[in-house]
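Dear colleague,

I am passing on the structure that we spoke about, and my notes on it follow below. Please read them with the model open beside you.

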Amino acid sequence: MTASGLLDRIADVGRDRARGGYSRHAFDSAEGELREWFIAEAGWLDLEVETDRNGNIWAWWGSPGPDATVTGSHLDSVPGGGAFDGPLGVVSALDAVGILQRKGFSPAKPFAVVVFAEEEGGRFGVPCLGSRLLTGSIDPDKARNLRDPDGNTLADAASRAGFDPARFGPDPEALSRIGRFLELHVEQGRGLIDLGAPVAVGSTVIAHGRWRFSFQGQGNHAGATLLSDRHDPMLPAALTIGAVRKLAASVPDARATVGRLVPTPGGTNVIASTVDLWLDARVPGSGLTEALVEEIAGAAEEAAAAEGCTVSVTKESYSDTVTFDSGLRDRMSGVLGGVPELPTGAGHDAAILAPHVPSGMLYVRNPTGISHSPEEFAEAADVDAGARALADVLENVAK
Ligand code: HGY
Ligand code: MN
Ligand code: MN
Ligand code: MN
């Protein structure tokens, strides 16, 4: 079945009809359904499936072993996300295996399709959690104690999903098996539509991180409290959001977003006691993201003090700019006949693996570039062109 056909299948399994988008997060039931779906599809291709200590799924073509060619992506989504971010890379990997099997190719080296856990960090707040745990890029205790919006720890959620959280952590054996990793992903941001090309090779992933700003004030009555007596944390939070856009606008190519704000207790007639907001900041180059966040933190502290509030800023995750392996990129471009190379502002598991194993990315055209939204899209013809391109590249590197 072609990748676009597989995508329809995955849409039936994963779509969150209530919101029109997708909401699937690590170790929740919706993601669990997709895990079952993936394991069944891998079975049709006679791939041997195993799930590693960190919840990443590996579907082996032949027996596991060193110097493996590995391809895949993720199945979880942001809240209310689109159908392609993550699943497109997984179904294209399965379809590429099908294409290679049908043409009688069998890999000379071990070969696996992988699904990484919690790439979006949509539940526990740290992106690429599965690949960070695998590579030892996050402290396992910190990971186990991450909490979702309902207060469940990762340890609780993982054990409820049948995993042993005590085993979460670096997996040198699994990592040492990877000879090279290739991730196909729907394009995020406008590029290929203007270049008139269906597929591109990834060049860099810009630095990005997430910071939590926690504003503390005095909870009080909305009607009985004069303005002069207030210490309302919502005010410095609002001023900080304004400062985010203003300060980022003065940094070339910076992206800074506040997509999540949680007042406590959150009553209409209650002055909040606490307001938490999360900043997602990304600036190409090294050290510039943190410099921008420092400026934003300064503005937050000023706004908090003016309202008799306090603010604490916590870095929750950070990844430096990554440039993909040039040898692999050249090989991919050679096989594909010189397709465009694209930088991206979106983070990926391939960028977490890149410092450890030669990694590369393929992007499939997204006509509007919209992502992390139900409007995210790729034409069926481009989806299938992407899977064929992935198959060609895999055949070349897996020889
Ligand atoms: O946030 C990102 O860039 C990615 O989609 N996880
Ligand atoms: Mn995403
Ligand atoms: Mn993704
Ligand atoms: Mn990714």
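Donors are here the N, O and S atoms within 2.8 Å of the metal (3.2 Å for Na, K and Ca), and since water is not among the atoms, sites may look incomplete. This is a predicted model, in which local features need pLDDT of at least 70 and side-chain atom pairs count only at pLDDT 80 or more, while totals for chains, interfaces and linings use all residues. Residues are numbered from 1 along each chain as its sequence is written, chains are lettered from A and ligands numbered from 1 in the order in which they are written, and side-chain values use heavy atoms, with hydrogens and water left out.

The metal sites

D85 bridges the manganese ion (ligand 3) and the manganese ion (ligand 2), which lie 3.5 Å apart. Besides D85 (OD), the protein donors of ligand 3 are H74 (NE2) and H185 (NE2), at 2.1 to 2.2 Å from the ion, and the spacing of these donor residues in sequence is H-x10-D-x99-H. D85 sits in the loop between β3 and α3 and H185 in strand β5, 100 residues apart; helices (H or I, at least four residues) and strands (E, at least two) are DSSP runs, numbered from the N terminus.

The manganese ion (ligand 2) is coordinated by D85 (OD), by E120 through OE, listed twice, and by H372 (NE2), at 2.0 to 2.8 Å. Here D85 is paired with H372, which is in the loop between β15 (359-364) and α13 (380-397), 287 residues apart from it. With buried meaning under 20% relative accessible area, exposed over 50% and partly exposed in between (1.4 Å probe, protein chains only), D85 is buried at 3% and H185 is buried at 1%, whereas H372 is partly exposed at 39%.

The manganese ion (ligand 4) lies 3.4 Å from the manganese ion (ligand 3), and E183 (OE) and H348 (ND1) coordinate ligand 4 at 2.5 to 2.8 Å. E183 belongs to strand β5 (residues 178-186), while H348 is in the loop between β14 (341-344) and α12 (349-353), 165 residues apart. E183 is buried, with a relative accessible area of 1%, and H348 is buried with a value of 1%.

The sheet and a helix across it

An open sheet is formed by 4 strands in the order β9-β11-β7-β12, with antiparallel pairing, where two strands pair if DSSP finds at least two bridges between them. Strands β9 (255-264) and β12 (310-319) stand at the edges with a single partner strand each, so one side of each has no neighbour in the sheet. Strand β7 (residues 208-216) pairs with β12 over 9 bridges in the antiparallel sense, and G209 stands opposite Y318 in β12.

Helix α9 (residues 234-249) lies across β7, β9 and β11 (274-282), and runs at about 175 degrees to β9. Contact means heavy atoms within 4.5 Å, and axes are lines fitted to C-alpha atoms, for helices over the stretch in contact, with angles from 0 to 180 degrees between N-to-C directions.

Helix α2

The buried residues of α2 (residues 29-44) include L34, W37 and F38. The buried residues cover an arc of only 165 degrees around the axis, which puts them on the same side of α2; the arc is that of the directions from the helix axis to the C-beta atoms. On the other side of α2, S29, E36 and W44 are exposed.

With best wishes

Methods:
The expected span of a helix is 1.5 Å times one less than its number of residues.
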